[in-house]
Amino acid sequence: MDEQQQGFARTLSHRHVAMIALGGTIGTGLFLGAGSAIQKAGPAILLVYIITGLFVFAMMRALGELLVSDDSKPVFVDFMTQYLGEKAGFVLGWTYWIGWIVIAMTELTAIGTYMKFWFPSMDTWPFELGFLIVLYLVNVIAVKAFGEAEFWFSTIKIIAICAMIGTGLILALGQVHTPLGKTEFSTLWSHGLIANHGKTLLAAFQMAFFSFLGVEFVGVTAAETKDPLQTIPKAVNSIVVRILIFYIGALSAIMIIQPWTNYEGGRSPFVQVFAGIGIQSAAALINFVVLTAAASAINSAFFTTGRMLYSLAGPKSRFGKLNHNQIPRAAINVSTLIVGLSVVVNYFYPTDAFNLISSTASAAFLIIYMALMLTHIVYKKRVKEGTATAAPTFKLPFAPFSNYLTIAFLALIFVLMLIGKATMFTTILAIVWLLALTLVAYLKKK
């Protein structure tokens with residue numbers, strides 16, 4: 001299907017795509033979840049993030065090679081349909097769609113919680129409805145409007161992380177005295193290198209992986225990107241640099257400013273570290289940054305679910321058509337209405353009821369990522385057979401060995417979730433969901 005048939009407007013620039021890829025790797029997993037990760041691994045969390053980041057990079061290189069080989073496909077799941085079969089494409093496509101729907105619902109619920117920080121006496125649903133409407137309008141006005149919104153959301157997150165890294169460097173270089181004592185680089189390792197004698201280290205891998213959830217989102221923007229053959233490879237290749245600077249840099253700064261043993265799980269380490277050195281306004285600043293991260297996730301979810309439904313519905317369906325702005329507005333409308341159910345639920349039951357389902361979606365994403373690596377293996381075989389077009393320059397190094405190694409790593413995390421007390425039930429739900437979709441796919445064919 002060529003660009004004219006596809007009908008998408010290629011209005012996302014390199015600036016937009018670079019920030020979209022960046023926004024996909026920086027979210028609440030870092031701002032809120034890093035405290036628990038530090039608690040489980042200690043300074044060894046830096047090595048955990050580096051190892052996890054390398055496997056994420058391998059996955060993104062595989063995705064990048066697929067996108068460069070055929071940049072006309074609206075979503076990367078279309079490659080799974082092409083190389084793994086229609087049934088697999090059906091199961092994985094709807095799994096990816098519902099995963100982003102649920103993520104948007106949980107993030108919308110979280111927005112209401114974050115807004116109560118400033119408006120404790122108000123109900124949460126008006127704020128949720130307001131954000132829902134604004135982000136919906138951003139996505140149906142123009143693709144460029146979405147790109148600009150995501151650019152600025154990511155910019156805010158980057159500024160927050162750079163401020164954290166800069167604060168750590170200044171305090172350590174000046175050996176500044178704080179209420180916690182003198183700040184030194186040696187604070188990073190002076191209280192031990194591994195938490196709990198390594199007993200909880202594997203659990204930290206699981207938490208690190210979920211910090212990168214959504215990194216594949218750049219693969220949904222390829223059909224609407226200017227010069228995708230240049231833009232997509234640059235965005236993918238820069239992921240390792242971002243991991244080192246933002247994750248490793250921020251976590252190192254946090255553990256230099258105060259000992260890693262001081263951090264508690266369930267609280268933002270950013271808030272804890274600023275509060276520890278006497279900056280009481282940190283809570284408000286971090287609350288604003290996390291609010292931005294949640295809005296960014298919903299913005300990305302509307303974009304993704306609209307394109308996914310457009311692709312899954314097919315050209316004969318009303319959801320498989322574009323409007324005059326070359327946007328799948330009907331598909332975005334349906335996705336928004338479903339996400340909006342969380343506003344209704346929170347109106348009647350003002351509680352965070354979606355955490356359980358969110359964990360289920362996260363387990364399903366592991367399967368999506370493993371399927372992506374398997375898709376790349378089949379694609380490379382087709383290239384050798386001469387039945388698929390080889391990517392001109394951008395390739396996954398050490399394939400297929402790197403494919404199998406990445407699949408094994410992702411499978412290990414899935415097993416850890418399956419045997420972990422906190423995640424066992426949600427992982428089983430994800431398996432049931434996939435089995436049910438597989439059954440529907442076979443019945444649909446009959």
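Trainee: At what angle do the axes of helix H7 and helix H8 cross, and how close do they come?

Mentor: In this predicted model, the axes of helix H7 (residues 86-115) and helix H8 (residues 125-141) come within 8 Å and cross at roughly 125°. Axes here are lines fitted to C-alpha atoms, for helices over the stretch in contact, with angles running from 0 to 180 degrees between N-to-C directions. Helices themselves are DSSP runs of H or I with at least four residues, strands are runs of E with at least two, and both are numbered from the N terminus.

Trainee: Why is H7 called oblique to H8?

Mentor: Angles under 35 degrees count as roughly parallel, over 145 as roughly antiparallel, 65 to 115 as roughly perpendicular and the rest as oblique. The axes cross at roughly 125°, and therefore H7 is oblique to H8.

Trainee: Which residues make the contact, and how are they classed?

Mentor: Taking contact as heavy atoms within 4.5 Å, H7 contributes Leu108, Thr109, Ile111, Gly112 and Met115, while H8 contributes Phe127, Glu128, Phe131 and Leu132. By class, six are nonpolar, two polar and one charged, where Ala, Val, Leu, Ile, Met, Phe, Trp, Tyr, Cys and Pro count as nonpolar, Asp, Glu, Lys and Arg as charged, and the others, Gly among them, as polar.

Trainee: What makes phenylalanine 398 exposed, and glutamine 175 partly exposed?

Mentor: Buried means under 20% relative accessible area, exposed over 50%, and partly exposed in between, with a 1.4 Å probe and protein chains only. Phenylalanine 398 has a relative accessible area of 70%, so it counts as exposed, whereas glutamine 175, at 38%, counts as partly exposed.

Trainee: Where do these two residues lie, and what is the sign of phi in each?

Mentor: Glutamine 175, in the loop between helix H9 (143-173) and strand S1 (177-178), has a positive phi of about 45° although it is not a glycine. Phenylalanine 398, in the loop between H17 and H18, likewise is not a glycine and has a positive phi of about 60°. That loop also holds proline 400, which a cis peptide bond with omega of about 5° joins to alanine 399.

Trainee: What makes helix H4 mostly covered?

Mentor: Six of the eight residues of H4 (residues 34-41) are buried, namely Ala34, Gly35, Ser36, Ala37, Ile38 and Ala41.

Trainee: How should I read the numbering and the limits of the model?

Mentor: Residues are numbered from 1 along each chain as its sequence is written. Local features need pLDDT of at least 70 and side-chain atom pairs count only at pLDDT 80 or more, while totals for chains, interfaces and linings use all residues, and side-chain values use heavy atoms, with hydrogens and water left out.
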